[in-house]
Amino acid sequence: MSLRSTGSDHIPAATLTVARAAFPKGSMAIRIRDELGVLFRDEDFAEGFSAQGRPALSPARLALVSILQFGEGLSDRQAAEAVRARIDWKYALGLELTDPGFDYSVLSEFRDRLIAGSLEQRLLDAVLERAMTAGLLRAGGRQRTDSTHVLMAVRTMNRLEQAHETVRAALNALAAAAPDWLRSQAEAGWFDRYAARIEDYRLPKNKNERIQLGHEIGADGRGVLGAVYSETAPRWLRDIPAVQTLRHVWIQQYVTIDGHLRWRTPDEMPPATHRQISPYDLDARTGIKRDTHWDGYKVHLSETCDTDSPHLITHVITAPSPGNDYEATDQVHEALASRALTPAVHLADKGYMSAHNLVRAERQGIELVGPMMPDNAWQTAEGNGFAVSDFTINWDDRLMICPQGATSRAWTKDIDRGGTPVTRVRFSTRDCTPCPSRELCTRGAKGRQITLRHRDEHEALQRARQAQSTDEWQQRYAQRAGVEGTIAQGIKGFGLRRSRYRGIAKTHLQHLLIAVAMNLTRLDAWLTGTPLAQTRISHFAALRPVA
């Protein structure tokens, strides 16, 4: 389809008159159109449309429809109906009252085009640019970041169910692609076991029977793969995605020893970052955070938090569930810098903090504020030992001096198990063995050994640990708690915690649409003078003694 101009800068006279009469106090859609004007231009999405072919619906209008849709939690059918029936939507879109709208399937096609053209980020960027032009968003100031888990759209399965459904998905794909070939290869038992979904069967409760069923499914899967990879089979069958998924899952779930196929034990399974958990969502992974276990993804939201401007979401990351939060810190800073929205102060929780991130942020002009992991050495934990911070370090001369005055004897560059360059410092056994404070310093048979990070990281870590013990730091860091309200708003009001779609690309697009919808809601609240909601406290909880 080709792109065509829409002229959406103009609101038809009849639409304007009826909207003013029907909404004398306005609505969010009307106020956003009046205050921010046209949010999107068709040219913003030109890469997703060809220059030839049948004229397409305005992508600028479809973008706004998608945002309004997620702002109200509507399905595609409901959103298409709102375009036809809602006066305030027609006003925001610049449509005639007689405009018939479009078929709901257009919205799904539009989302696919956004993902195929890598255009989804422009939805958020366009709104942020409008807010900056209106003086409601600026660089500098404070921002804060937090994450929450996101449940995948498909049903969670145990290992037995996953194995069964993976074989069934492969058979269905082969039946659609090469029915005659599969008819000649299929075993009679396959039709009994894989004609219906696993939940339509009554699985055995006995552990040994379940293991036996797992072995039978494993043999069936190996039989399907053997047929597909045989010399007589068409080679293109191997490239079918469901067949590739079957091959990967069988590598992860089963092992062949002396010709016998068996389940892998939990210790033999690949790490969660690589282990597929459903044949219907290949990107979803299992995540664990304290006592919470989930199958799906993780979303990181960053927002401004200055008191003299609306709190707007500035960046969204959708990541696999097992990912560490501290890996997202650099991504947030780089993305904000590319949009000229670098904060002066970035508030984050412990998961985003590391000595590496402190140094990187400082080099970008950002003060990263958050609690650092404490020194877990026993000397620090017991409170009366000699911690690393008690030693004097002479970086230029590559020496350390212990609290008792002894000087280190070895200063060696090394790489730790995580691949990070470190320095190993060792004190002489002749100094440590007769030392009267030895029990406060080392319990090893040899002299004290200390591992140091790079100088910049070590000094940044020590400064941060010292600062976070002060009341002033605690008062500054208290501003971070507000981002939890943003997470709660996204979950309760916009469906942030459950994906509507399969795959990380579509789930990320959903999160961007939710973020833009939340921003429009917050801009509308700011423009109308609506104050921030107060934290809810029950009458009984309010009686809790201060002490």
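User: Before we look at the rings, when does a charge count as sitting over one?

Analyst: Happy to start there. For arginine, the CZ atom has to be within 6 Å of the ring centre and within 35 degrees of the ring normal. Keep in mind that this is a predicted model. For lysine, the atom to check is NZ.

User: Which residue lies over the face of phenylalanine 70?

Analyst: The cut-off for the distance to the ring centre is 6 Å. Here the distance is 4.4 Å, and the residue over the face of phenylalanine 70 is arginine 500.

User: And at what distance from the ring centre of tryptophan 378 does arginine 443 lie?

Analyst: Arginine 443 also has a place over a ring face, that of tryptophan 378. Its distance from the ring centre is 3.7 Å.

User: On to ring pairs: are phenylalanine 40 and phenylalanine 45 stacked, edge-to-face or tilted?

Analyst: The structure holds seven aromatic pairs. In the one formed by phenylalanine 40 and phenylalanine 45, the ring centres are 6.1 Å apart and the planes meet at 50°. Stacked needs under 30 degrees and edge-to-face over 60, so this pair is tilted.

User: Is phenylalanine 45 buried or exposed?

Analyst: Buried means a relative accessible area under 20%. Its partner phenylalanine 40 has 3% and is buried. Phenylalanine 45 has 1%, so phenylalanine 45 is buried.

User: Which residues do ring pairs link into a cluster?

Analyst: Two of the members are the phenylalanines we just discussed, Phe40 and Phe45. Ring pairs link them into a cluster with Phe110.

User: How are the rings of tryptophan 395 and tryptophan 411 arranged?

Analyst: Both of these tryptophans are buried. Their ring centres are 5.9 Å apart and the planes are at 90°, so the pair is edge-to-face.

User: Where in the chain does tryptophan 411 sit?

Analyst: This pair links distant parts of the chain, 16 residues apart. Tryptophan 395 is in the loop between strand 9 and strand 10, while tryptophan 411 is in strand 11.

User: How are helix 8 and helix 11 oriented to each other?

Analyst: Their axes are 10 Å apart, at an angle of about 25°. Helix 8 passes helix 11 in a left-handed crossing, with contacts that include Leu160 and Val167 of helix 8 and Ile217 of helix 11. Angles under 35 degrees count as roughly parallel, so helix 8 and helix 11 are roughly parallel.

User: What about helix 2 and helix 20?

Analyst: They pack at about 80°, with axes 10 Å apart. Among the residues that meet are Met28 and Ile32 in helix 2 and Leu520 and Leu527 in helix 20. The range from 65 to 115 degrees counts as roughly perpendicular, so helix 2 and helix 20 are roughly perpendicular.

Conventions:
Residues are numbered from 1 along each chain as its sequence is written. This is a predicted model: local features need pLDDT of at least 70, side-chain atom pairs count only at pLDDT 80 or more; totals for chains, interfaces and linings use all residues. Side-chain values use heavy atoms; hydrogens and water are left out. Rings of Phe, Tyr and Trp (its six-membered ring) pair if their centres lie within 6.5 Å; planes under 30 degrees apart count as stacked, over 60 as edge-to-face and the rest as tilted. Buried means under 20% relative accessible area, exposed over 50%, partly exposed in between (1.4 Å probe, protein chains only). Helices (H or I, at least four residues) and strands (E, at least two) are DSSP runs, numbered from the N terminus. Axes are lines fitted to C-alpha atoms, for helices over the stretch in contact, and angles run from 0 to 180 degrees between N-to-C directions. Angles under 35 degrees count as roughly parallel, over 145 as roughly antiparallel, 65 to 115 as roughly perpendicular and the rest as oblique. A crossing is left-handed if the near helix is turned anticlockwise from the far one by less than a right angle, and right-handed if clockwise. Contact means heavy atoms within 4.5 Å.
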